[in-house]
Number of protein chains: 2
Amino acid sequence: MLSPSVGVIGAGAWGTALAQVAAKSQVAAGSSVWLWCRDPMAAAEINRSRTNDARLPDVRLVPNVVATSEPSALAACDIVLIATPAQTVRQVLKQFSSVLRPGARVVITAKGLERGTAAFMTGILADECPSCEPLVLSGPSFADDVVRGLPTAVTLAAQSMEIAHPVAAALSIPTFRLYVSDDLAGVQVGGAVKNVLAIACGIVAGRKLGESARAALIARSFAELNRIGRVLGARGETLGGLSGLGDLVLSCSSAQSRNFRLGQAMGEGRSPGEILGSQRGTSEGAYTASVVDTIATKHAIEVPIISAVRAILDGDCTIDEAIEQLLQRPLKSEI
Amino acid sequence: MLSPSVGVIGAGAWGTALAQVAAKSQVAAGSSVWLWCRDPMAAAEINRSRTNDARLPDVRLVPNVVATSEPSALAACDIVLIATPAQTVRQVLKQFSSVLRPGARVVITAKGLERGTAAFMTGILADECPSCEPLVLSGPSFADDVVRGLPTAVTLAAQSMEIAHPVAAALSIPTFRLYVSDDLAGVQVGGAVKNVLAIACGIVAGRKLGESARAALIARSFAELNRIGRVLGARGETLGGLSGLGDLVLSCSSAQSRNFRLGQAMGEGRSPGEILGSQRGTSEGAYTASVVDTIATKHAIEVPIISAVRAILDGDCTIDEAIEQLLQRPLKSEI
């Protein structure tokens with residue numbers, strides 16, 4: 001695959017950051033990277049100002065990032081990254097299904113499971129664009145860190161290493177490193193479930209319960225991630241890697257994570273509806289919580305932290321009741 | 001074991017915090033808790049002021065914490081906690097070997113491996129006080145969080161659950177919860193190795209490499225902890241629990257950790273010798289790094305992060321060289 005032509009669907013902070021690094025990676029090949037956004041005005045403004053001030057301020061885009069609102073611009077792309085919120089991926093892929101060329105490598109970067117169907121993002125791709133090749137990019141990587149050139153490392157999964165390797169090479173730059181994997185399920189479970197757990201850690205931070213409590217919660221969260229992962233076909237080593245534990249730790253530790261911020265604001269006493277209504281961008285965990293909780297119930301797995309987040313979001317219990325319940329679990333063996 | 005009499009050896013921040021919670025746990029039984037410190041003046045001052053201002057300021061000790069500098073005061077104790085730095089544990093146990101009663105439950109809270117011998121702390125106990133019963137208490141728990149009554153959870157390991165359960169009950173209070181385990185090796189490996197890895201994360205923070213980089217480093221650190229743990233007889237589920245991953249995450253995330261602070265200051269350009277010479281308390285990881293690195297070499301395990309910390313501490317490479325090397329590892333499968 002010589003000088004692949006790359007497109008990015010979704011011009012939020014993450015999509016813009018991915019377009020920027022892909023464009024840097026493509027410079028030597030002389031290729032451009034398309035950055036597709038729904039709104040023609042926004043696309044024109046990005047091309048005019050060379051920034052995406054609304055979503056990723058203070059970043060000057062490299063010259064070979066070209067914004068467009070025309071789906072057909074991506075028709076020739078060998079690699080297409082999907083960087084829209086998880087719950088919009090089906091609708092976006094429907095829009096692009098007649099455009100993307102057969103065999104195109106579609107790299108999903110949305111983290112979540114579809115409400116209603118509990119489908120993986122790659123499942124949605126198989127439904128809507130069955131002739132495309134599914135890949136998933138996931139790992140601990142704030143858009144800001146990536147565009148500032150701080151060292152970041154993520155996982156790129158495909159159905160085989162042979163498929164993953166050239167795509168990883170086409171998207172890597174020295175400060176943004178893609179490690180390949182063939183565990184598509186594992187990488188997606190990590191990315192989806194960590195968002196729910198980040199809300200829990202945010203609540204603990206918002207309630208000022210201390211760093212020790214948050215660290216204990218992260219360890220217990222990792223155990224829940226593993227239990228859910230096992231029934232969804234994830235490999236243990238993937239869940240313990242960049243896209244699992246790495247991303248879990250990042251989202252559970254930093255107010256740069258929207259899911260953590262949602263939990264933090266809830267912990268400080270604000271209602272989920274009020275916060276979700278007022279924020280820019282999507283807290284994926286708020287949508288994934290009930291999906292994951294339902295999967296756990298179906299498989300008879302205990303996931304007390306995820307269940308508590310679901311219950312708080314749905315108004316079935318208060319934060320204080322949930323904390324009380326988690327703390328009052330009987331003193332027993334840890335495992 | 002009715003109203004066990006508890007003693008704590010070592011009146012640093014952690015020993016003092018443990019004496020405080022043990023005393024609260026013992027109040028109903030009407031028992032006191034001995035807090036032993038080497039210096040008779042310090043013991044007298046604690047008893048007079050009801051605080052340990054030098055090591056754990058602003059904490060009023062409960063009335064049944066009694067400081068002493070007489071080893072013989074602990075002769076009748078059923079439970080004795082060792083809260084001195086890891087590299088002093090042998091010398092302390094030598095001093096107490098003729099004092100502690102046979103069958104006493106000795107709960108080690110020091111986190112490290114002995115330099116020179118690479119011994120576990122329980123190995124030192126077996127050498128010096130063979131008639132005592134070994135236990136290990138370890139987990140994510142800053143002394144400050146524990147004494148402020150914030151919720152904390154740690155692991156208490158013994159040779160059997162039957163031994164661990166009553167000791168856990170004697171030391172628990174509602175906000176400081178002890179989960180029992182019979183994996184003595186696993187709990188010790190986690191506590192020892194995380195201190196080395198916390199130095200690495202501190203360096204990344206000191207160099208301002210970003211939260212994404214630190215999260216990736218924590219995930220890779222966890223993989224190294226697992227590799228080392230496996231050859232030292234630790235169980236995977238212990239390494240993924242409170243005393244492994246939980247404590248790793250805490251120490252790798254917070255300037256409240258002395259090991260993290262050591263790394264942070266190194267990352268900012270200060271020399272390890274200068275920092276270690278000027279700080280209060282011990283950065284255990286600085287002593288454990290070479291022990292762990294040697295174990296890895298002996299077993300032919302790759303632990304690039306631990307090896308880098310060892311090399312930086314020993315002056316064998318600069319921080320920038322180490323970072324460069326870690327970043328330049330070939331792009332390959334993550335596992």
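# A tour of chains A and B

Start by selecting A:Asp314 and A:Arg310: they form a salt bridge, with the closest N and O atoms 3.0 Å apart. A salt bridge here is a side-chain nitrogen of Lys or Arg within 4 Å of a carboxyl oxygen of Asp or Glu. This is a predicted model, in which local features need pLDDT of at least 70 and side-chain atom pairs count only at pLDDT 80 or more, while totals for chains, interfaces and linings use all residues. Residues are numbered from 1 along each chain as its sequence is written, chains are lettered from A and ligands numbered from 1 in the order in which they are written, and side-chain values use heavy atoms, without hydrogens and water.

Stay on that first pair. A:Asp314 is partly exposed, at 44% relative accessible area. A:Arg310 is buried, at 19%. The cut-offs: buried means under 20% relative accessible area, exposed over 50%, and partly exposed in between (1.4 Å probe, protein chains only).

**More salt bridges**

Switch to chain B and pick B:Arg310. Its side chain meets that of B:Asp316 in a salt bridge, 2.7 Å from N to O. B:Arg310 is buried, with 18% relative accessibility. B:Asp316 is exposed, with 54%.

Next, select B:Arg207 and B:Asp320. Their salt bridge has its closest N and O atoms 3.1 Å apart. B:Arg207 sits in the loop between α7 (184-206) and α8 (211-231) of chain B, and B:Asp320 in helix α15 (residues 319-327) of chain B, so the pair ties together parts 113 residues apart in sequence. Helices (H or I, at least four residues) and strands (E, at least two) are DSSP runs, numbered from the N terminus. B:Arg207 is partly exposed, at 28%. B:Asp320 is also partly exposed, at 47%.

Now go back to chain A. Select A:Arg90, A:Lys94, A:Glu114, A:Asp127 and A:Glu128 together. A network of salt bridges links these residues. How many salt bridges are there over all chains? The count comes to 28.

**Where the chains meet**

Show both chains and select the residues in contact, meaning heavy atoms within 4.5 Å. You should see 48 residues of chain A against 46 residues of chain B. The two chains bury about 4,000 Å² between them, 63% of it on carbon and sulfur atoms. Buried area is the accessible area (1.4 Å probe) that two parts lose on being put together, summed over both.

How many salt bridges cross the interface of chain A and chain B? The rule finds zero. Polar contacts are another matter to check. Between chain A and chain B, 10 residue pairs are in polar contact, both residues at pLDDT 80 or more. A polar contact is a pair of N or O atoms within 3.5 Å; within protein, one must be able to donate a hydrogen and the other to accept it, and residues adjacent in sequence count only if both atoms are side-chain atoms.

Colour chain A by element. On its side that touches chain B, at least two residues each come from β7 (152-158), β8 (176-181), α8 (211-231), α9 (236-239) and α10 (242-251). α8(A) gives the most, with nine residues. By class, that side of chain A has 24 nonpolar, 15 polar and nine charged residues. Ala, Val, Leu, Ile, Met, Phe, Trp, Tyr, Cys and Pro count as nonpolar, Asp, Glu, Lys and Arg as charged, and the others, Gly among them, as polar.

**Along α8(A)**

Select α8(A) alone. Of its 21 residues, 15 are buried, so the helix is largely enclosed by the rest of the structure. Take its end C-alpha atoms: they are 31 Å apart, which agrees with the 30 Å expected at 1.5 Å a residue. That expected span is 1.5 Å times one less than the number of residues. After the helix comes A:Gly233, with a positive phi near 85 degrees.

**Loop stops**

Select A:Ser254, in the loop between α10 and α11 (258-267) of chain A. A:Ser254 is buried, at 3% relative accessibility. Its side chain reaches the backbone nitrogen of A:Gln256 at 2.9 Å. Setting aside neighbours within four places in sequence, A:Ser254 is in contact with A:Phe142, A:Phe260 and B:Glu211.

Finish at A:Ala118, in the loop between β5 (105-108) and α4 (121-128) of chain A. Its phi is positive, near 60 degrees, in a residue other than glycine. A:Ala118 is partly exposed, at 34%. Then jump to B:Ala118, which has a positive phi of about 60 degrees although it is not a glycine. B:Ala118 is partly exposed, at 33%.
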